[in-house]
Amino acid sequence: MIDYRQSGVDVEEGYRAVNKYKDHAKRTQIPGVLNGLGSFAGMFQVPAGMKEPVMVSGTDGVGTKLDIAFAMKKYDTVGIDCVAMSVNDILCTGAKPLYFLDYIACGSLDAQVAADLVKGVADGCVDSDCALLGGETAEMPGFYDKGKYDIAGFGVGIAEKSEIITGEAIKEGDVLIGLSSTGVHSNGFSLVRKLVTDYNEPFEGKTIGEVLLAPTRIYVRPVLEVLKKFKGENGTNAIHGMAHITGGGFYENIPRMYADKTLISVIKKGSWQIPSIFAELERRGADPSRMFNTFNMGIGLVMAVAADKADDVIAAFEAFAAGKDAGLNATMKAYKIGKVAKATKAAETQAEAVLFE
């Protein structure tokens, strides 16, 4: 005779984990949540007063950055990354994130480790003003190595149809504004882990592991505030397009915001401060010619903005960062990093779509 626990699944530990999750989820409650954790499905009421509400969804994980968290036994920040990766994508349409669901998988559940992961998720939800509406914890002995976890998530936002940022308004001469990242964010870690093997090495007053674990910046609150400030008539906006700089760096992500594929990006090198961690990765062997294909290089979100409003938009971001409610975005900087140009034909390669000067 063998029971579930003897097969490697500790149901009681699962109950303890869920009880810890509930305290974190309570911090994320916002108007519209109709039930709490523990139901078979989460329910959220569509905000009143919208004419043509459009639901916008995004899903992502944290990737191999998790390995650094395991090595350092620091589990309470990667949940922020998990939320950030989805809500920043949703944000690129101009939508406001409403709620988030997470998925945690492991070989052997430790309720405290799982709770630390969910704490990070809740922190990310609080920073993006969305609710942690539900999730799943899967214990799969023999499938995941002991002590290893995976975490992914799914976010849902909402936008007025007439106000969705589609990229169709982007035109030649628009200014590209970049919002600063907190470092590597959550992409390129398969390469990072080959270059850095001792996460306790000192680096600029911290360990290099601490620098690498800096959570992905969540741009939701400052960007939504600026979008509201620069909204014109009939859903028009001074912000014409947005790109979240994730896997593939500048080359892969910036062209994604253009509806007109003959538009290209001209980036001015030296127009923003690149965090020193990227130079350190180059020093350790990262190919300098591929850095902008792999990493965000200090810019986590790029916006195409009407040229006559660019200075005002930057001033608005600076005012947000200096405000008492800036929170984790108090260190965020906004830079003019380039412009939108017109090509004679659609770019066929990344090198044609993103030019540096």
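Axes are lines fitted to C-alpha atoms, for helices over the stretch in contact, and the angles between them run from 0 to 180 degrees between N-to-C directions. The model described here is predicted. Two packed helices are described by the angle between their axes and the distance between the axes.

In the predicted model, helix α1 (residues 11-26) and helix α4 (residues 111-127) have axes that come within 9 Å and cross at roughly 25 degrees. Angles under 35 degrees count as roughly parallel, and α1 and α4 are therefore roughly parallel to each other. The crossing of α1 past α4 is right-handed. On the α1 side the contact is made by Glu13, Arg16, Ala17, Lys20, Tyr21 and His24, and on the α4 side by Ala111, Gln112, Ala114, Ala115, Val118, Lys119 and Ala122. Sorted by class, the contact of α1 with α4 has 7 nonpolar, 2 polar and 4 charged residues.

Helix α4 also packs with helix α3 (residues 78-91), at an angle of about 45 degrees and with the axes 6 Å apart. The two helices α3 and α4 are therefore oblique to each other. Their crossing is right-handed. Val78, Gly79, Ile80 and Val83 of α3 meet Leu117, Gly120, Val121, Asp123, Gly124 and Cys125 of α4. The contact of α3 with α4 has 6 nonpolar, 3 polar and 1 charged residues by class.

Helices α3 and α4 both touch strands of a sheet. This open sheet is formed by 4 strands in the order β1-β4-β2-β3, and its pairing is mixed. Strands β1 (53-61) and β3 (131-139) stand at the edges with a single partner strand each, so one side of each is left without a neighbour in the sheet. Direction ignored, neighbouring strands of this sheet are turned by 15 degrees against each other on average. Within the sheet, strand β2 (residues 96-106) and strand β4 (residues 149-160) pair in the antiparallel sense over 10 bridges. One of the residues involved is Leu101, whose bridge partner in β4 is Phe154. Helix α3 lies across β1, β2 and β4 and runs at about 140 degrees to β1. Helix α4 packs on the sheet by touching β2, β3 and β4, and its direction makes about 165 degrees with that of β2.

An open sheet of 6 strands has the order β8-β10-β5-β11-β9-β12, again with mixed pairing. Its edge strands are β8 (239-244) and β12 (354-356), each of which pairs on one side only. Neighbouring strands of this sheet are turned by 30 degrees against each other on average, direction ignored. In a regular strand the side chains alternate between the two faces of the sheet.

Several pairings can be followed across the sheet of 6 strands. Strand β8 is joined by 5 bridges to strand β10 (residues 299-305), and the two run antiparallel. Ala243 has Val302 in β10 as its bridge partner. Helix α11 (residues 310-322) packs on the sheet, where it touches β5 (175-180), β10 and β11 (334-342), and its direction makes about 150 degrees with that of β11. Strands β5 and β11 pair in the antiparallel sense over 5 bridges, and Gly178 stands opposite Tyr335 in β11. Strands β9 and β11 likewise pair in the antiparallel sense over 5 bridges, with Lys342 in β11 as the bridge partner of Leu263.

Ser271 lies in the loop between β9 (263-267) and α9 (276-283). Its side chain reaches the backbone oxygen of Lys268 at 2.6 Å. Leaving aside its neighbours within four places in sequence, Ser271 is in contact with Tyr335, Lys336 and Ile337.

Helix α11 is also involved in a contact with another helix. The axes of helix α7 (residues 220-229) and α11 come within 10 Å and cross at roughly 135 degrees. This angle makes α7 oblique to α11. Helix α7 passes α11 in a right-handed crossing. In α7, Arg221, Pro222, Val223, Glu225, Val226 and Lys229 meet Val313, Ala316, Phe317 and Phe320 of α11. By class, the residues of the contact of α7 with α11 divide into 7 nonpolar, no polar and 3 charged.

Conventions
Residues numbered from 1 in each chain as written. Predicted model: local features only at pLDDT ≥ 70, side-chain atom pairs only at ≥ 80, totals over all residues. Heavy atoms only, no water. Parallel < 35°, antiparallel > 145°, perpendicular 65-115°, else oblique. Left-handed = near helix turned anticlockwise from the far one by under 90°. Contact = heavy atoms within 4.5 Å. Nonpolar A, V, L, I, M, F, W, Y, C, P; charged D, E, K, R; others polar. Pairing = 2+ DSSP bridges. Polar contact = N/O pair within 3.5 Å; in protein donor to acceptor, adjacent residues only side chain to side chain.
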